[in-house]
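Trainee: I am new to this structure and would like to go through it with you. Could we take it one question at a time?
Mentor: Gladly, let us have a look together.

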Amino acid sequence: MSTINNNPANNNPALDGMYWENGNKVPDKNNGALTQSDFFALLTQQLAYQDPTKPVENDQMIAQMTNFTMADGIGSLNESFKGLSESMTSNQALQASSLVGRSVLTQSEEIVFSGEALSRGHINLESPADNMRVRIEKPNGELVTNFDVSNPAQGKNEFVWDGTDANGEQMPPGVYKIKVEASIAGENKSVPVNVFTPVSSVSLAGNGKGITLNLVGLGAVKLTDVLEVSYG
């Protein structure tokens, strides 16, 4: 038995290709979000089809308009905050670019010796120590030198390494490991070290990661991790 085709368009070859496929529809620019025009269209339809014997109360109408106004205002406010955030990020990146060529203080287990300038850092103690020793090592853990920090007190204790080993010979420029031990109340403890490192460049990271500083020899650190900025 043959099947009857009731669609005349299918029998007319002149109409071939004149029907849009579902995938060719014009995309919705507002992603389905209601606009102010949509709201007033709905409001007009509501007024047109309301029961004349039970019209919408004034306070209900005002409440609907107020709710839409608030929603529209919040959307505009979000856009304003987005623009403000982008502007602040750009300004922050511009300010951070002024750090290129300067040295910043960050917590690290490595210290950079440039071969030209002294390597410096801070050690912060929560309480005074009986003694404190800084140990400089090669990347493989081999000892280069160690020296004491005189009169280690509570708070910031500065130290300087001139780039020489235990025999007074000059070490080549590079990245070295640094460890600090302090004797506090008769107990030896490893304490964190903060070192100064030159900034080579600034990166504006994506995905909300903010601004990062690229340090010579140590790689990238967050701008928020910088404890102090120095000219040297």
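Trainee: In this predicted model, which residue forms a salt bridge with Glu-137, with the closest N and O atoms 3.7 Å apart?
Mentor: A salt bridge needs a side-chain nitrogen of Lys or Arg within 4 Å of a carboxyl oxygen of Asp or Glu. Here the closest N and O atoms are 3.7 Å apart, so the pair fits that limit. The partner of Glu-137 is Lys-179.

Trainee: How many residues apart in sequence are the parts that this pair ties together?
Mentor: Glu-137 belongs to strand β4, while Lys-179 belongs to strand β7. Because the two lie in these strands, their pairing ties together parts of the chain separated in sequence. The separation is 42 residues.

Trainee: Is Glu-137 buried or exposed?
Mentor: Buried means under 20% relative accessible area. Glu-137 has 5%, whereas its partner Lys-179 has 47% and counts as partly exposed. Glu-137 is therefore buried.

Trainee: Which residues are linked with Glu-137 in a network of salt bridges?
Mentor: The side chain of Glu-137 also meets that of Arg-135 in a salt bridge, at 2.4 Å from N to O. Arg-135 is partly exposed, with a relative accessible area of 30%. Adding the bridge between Glu-137 and Lys-179, the residues linked with Glu-137 are Arg-135 and Lys-179.

Trainee: Leaving aside its neighbours within four places in sequence, which residues is Lys-179 in contact with?
Mentor: Lys-179 lies in strand β7, which covers residues 174-184. Its C-alpha atom is separated by 5.9 Å from that of Val-134, although the two are 45 residues apart along the chain. The contacts of Lys-179 are Arg-133, Val-134, Arg-135 and Glu-137.

Trainee: Which side chain meets that of Arg-133 in a salt bridge?
Mentor: The structure holds four salt bridges, and the one with Arg-133 measures 2.8 Å from N to O. Arg-133 is in strand β4 and its partner in strand β5, so the pair ties together parts that are 15 residues apart in sequence. Arg-133 is partly exposed at 40% relative accessibility, and the partner is exposed at 51%. That partner is Asp-148.

Trainee: Let us turn to the rings. What is the angle between the planes of Phe-113 and Trp-161?
Mentor: A search of the whole structure finds three aromatic pairs. Phe-113 and Trp-161 form one that is tilted, with 5.5 Å from centre to centre. Phe-113 sits in strand β2 and Trp-161 in strand β6, 48 residues apart. The angle between their planes is 50 degrees.

Trainee: Which residue joins Phe-113 and Trp-161 in a cluster?
Mentor: Phe-113 is buried, with a relative accessible area of 2%, and Trp-161 is buried at 2% as well. Ring pairs link these two with another residue into a cluster. That residue is Tyr-176.

Trainee: Where does Arg-120 lie, and at what distance from the ring centre?
Mentor: A charge counts as sitting over a ring if CZ of Arg is within 6 Å of the ring centre and within 35 degrees of the ring normal. Arg-120 lies over the face of Phe-196. Its distance from the ring centre is 4.3 Å.

Trainee: Which strand gives the most to the largest nonpolar core?
Mentor: The core has 22 residues, and those with the most contacts inside it include Ile-123, Phe-159 and Trp-161. β2, β3, β4, β5, β6 and β7 each supply at least two residues. With five residues, the strand that gives the most is β7.

Trainee: How many residues are in the other core?
Mentor: This other core lies apart from the largest one. Among its residues are Ile-211, Leu-213, Val-221 and Val-226. The number of residues is nine.

Trainee: And what is phi of Ala-185?
Mentor: Ala-185 is in the loop between β7 and β8, and it is exposed, with a relative accessible area of 76%. Its phi is positive although the residue is not a glycine. The value is about 55 degrees.

Key:
Residues numbered from 1 in each chain as written. Predicted model: local features only at pLDDT ≥ 70, side-chain atom pairs only at ≥ 80, totals over all residues. Heavy atoms only, no water. Phe/Tyr/Trp six-rings, centres within 6.5 Å; stacked < 30°, edge-to-face > 60°. Helix = DSSP H or I, 4+ residues; strand = E, 2+ residues; numbered from the N terminus. Buried < 20%, exposed > 50% of the residue type's maximum accessible area, 1.4 Å probe, protein only. Contact = heavy atoms within 4.5 Å. Core = buried A, V, L, I, M, F, W, Y, C linked by side-chain atoms within 4.5 Å.
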